[in-house]
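Here's a walk through one model, residue by residue at first and then out to the whole fold. Have the sequence and the 3D view open as you read.

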Amino acid sequence: MVQILDSTLREGEQTPGVYFSPDKKLYIAQMLDQIGVDIIEVGNPAVDREIALAIQQIAHAGLKAKIGAHSLCTIDNVQQALDCGVEFLGVFFSVSQQRLETDYNICLNQAIDKIVEVISYAKLQQPNLLVRYTLEDTVRSPLENVIDAASAAVKAGANIISIADTTGYATPFYTSRSISFYVQTLKTELESRGFYPQIEVHCHNDKGLALANVLDAYRAGANIIDVAIMGLGERAGIVDLAELLINLIDMGEAEKQWQLNHLRDLYNFISEHSHIPIPPHQPIIGKNAFTHYAGVHVKAIGKDERLYQSLNPEILGCKSSLALGIQSGYAAMEMALKNIGREDIIFDKHLVAEILQRVKEIAKTGVSIDIDQELPSIVDSCYTRKSKK
């Protein structure tokens, strides 16, 4: 069974302009725990005192999920994370040739020595600590560097090796650049050396392929997948939680392990407090995700929603709906009138046609028509005009 690591509170807060107070972070963590996320990554305590406070509060909140902190590959940063009382520690360090030469100005062996020193220190302080070593920019690093660094990290005590597509470079369409290739190769090479860590994947969405890449990794045997609410994160963000869960269920994961009916409330909370609106066409969670508009569609779903819907909205605790506008037909108007309790006028075809025409006229002005709020007044206006004739 695959595990989900939610990084909304760490990666998500790296979205420009996004900030969650410690109290809001606690509430978000509690909601994620209700949904059934396995690991909640709260942040790097070395960045800010408030982040450290949030990690401490969440770590002692009695949640079922493992609570984790993120850390630079330094003993000082690791100690600050351990002081917060976490069960999970993520340490990252790149072994790409360009990064070693241009940024760190060290060789691979020096990098590995540093990685081993920090992981060994963390495990010495807290033997039961779950340690993840992230090979930042994995898919643009020489494969031999990746294997050597990962092997050394596991030998030093790392439980998890994270394959990070830090720049959204990976693609499932070319083997040597696919996440699945790195998952399979790393597993095989580590097993040949007697190492059996869990493999995690962290995919950025720079080219819109993050979801495709993690599903590719899942099929290759990845054990942990990183996500964020609304796909928040650096630049174009990472994989969206709701989209991943729905696709994993479609691929055979048990639906009952996640409480999907809590997703909408959590997304609305994140949207409100990040000041980032949820696009209406966002899959799964967007306002229009289960809304039908075109006449042919509405007429068909009136008979069977499955004719134009592959997902059952009830698993998310919501229902399908319809929208009115220039694309609407007579069937849509009949359904809308039933929705507002005006079945009494459905048999007056001339009146219904007049109401539909008025709806289309309003829609052409670019005004959105809310069935519950605007339609009753349109009906009353058309009904009154007809009565005076």
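Let's start with Asn 105, which sits in the loop between helix 4 (97-104) and helix 5 (108-125). Helices here are DSSP runs of H or I with at least four residues, strands are runs of E with at least two, and both are numbered from the N terminus. Asn 105 has a positive phi of about 60° although it isn't a glycine. With a relative accessible area of 64%, Asn 105 is exposed; the scale calls a residue buried under 20%, exposed over 50% and partly exposed in between, using a 1.4 Å probe and protein chains only.

Before going further, a note on the ground rules. This is a predicted model, where local features need pLDDT of at least 70 and side-chain atom pairs count only at pLDDT 80 or more, while totals for chains, interfaces and linings use all residues. Residues are numbered from 1 along each chain as its sequence is written, and side-chain values use heavy atoms, with hydrogens and water left out.

Arg 235 is another residue other than glycine with a positive phi, near 55°. Look for Arg 235 in the loop between strand 8 (224-227) and helix 9. Arg 235 counts as partly exposed, at 48% relative accessibility.

Step into helix 5 and you'll find Ile 112, which is buried with a relative accessible area of 13%. Setting aside neighbours within four places in sequence, Ile 112 is in contact (heavy atoms within 4.5 Å) with Asp 148, Ala 149 and Ala 152. The C-alpha atoms of Ile 112 and Gln 184 are separated by 22 Å, and the two residues are 72 apart along the chain.

Now for a charged residue under cover. Asp 137 belongs to the loop between strand 5 (130-135) and helix 6 (143-156), and it counts as buried at 10% relative accessibility. What does Asp 137 touch, not counting residues up to four places away in sequence? The list is Ser 94, Ala 164, Thr 166 and Thr 167.

Trp 258 is worth a stop too. It lies in the loop between helix 9 (241-250) and helix 10 and is buried, with just 4% relative accessibility. Beyond its neighbours within four places in sequence, Trp 258 contacts Ile 4, Ile 35, Gly 36, Leu 245, Leu 248, Ile 249 and Glu 253. Trp 258 and Gln 34 are 224 residues apart in sequence, yet their C-alpha atoms are 8.3 Å apart in space.

On to the aromatics. The structure holds three aromatic pairs. Rings of Phe, Tyr and Trp (its six-membered ring) pair if their centres lie within 6.5 Å; planes under 30 degrees apart are stacked, over 60 edge-to-face, and the rest tilted. Here are two of the pairs:

| Pair | Centre to centre | Angle between planes | Type |
|---|---|---|---|
| Tyr 27 and Phe 269 | 4.6 Å | 50° | tilted |
| Phe 181 and Tyr 182 | 5.5 Å | 90° | edge-to-face |

The tilted pair links distant parts of the chain, with Tyr 27 in helix 1 (residues 22-35) and Phe 269 in helix 10 (residues 263-274), 242 residues apart. Tyr 27 is partly exposed at 35% relative accessible area, whereas Phe 269 is buried at 16%. In the edge-to-face pair, Phe 181 is partly exposed at 24% and Tyr 182 is buried at 6%.

Next, the largest pocket, which holds about 720 Å³ of space. A pocket, on a 1 Å grid over the protein atoms alone, is an open set of points where a 1.4 Å probe fits, with protein on both sides within 12 Å along at least five of seven lines; lining residues have an atom within 4 Å of a point. Its volume is the space filled by probe spheres set on the points, which are joined across faces, edges and corners. The lining of the largest pocket has 24 residues, and Thr 291, Ser 321, Leu 322, Ala 323 and Ile 371 lie nearest the centre. Strand 10 (321-322) and helix 12 (330-339) are the elements that give two or more residues to that lining.

Finally, the whole thing. The protein has 14 helices and 10 strands, and its C-alpha trace spans about 90 × 45 × 40 Å along the principal axes. Of the 389 residues, 51% count as buried. Among contacts between residues at least 6 apart in sequence, 70% join residues at least 24 apart.
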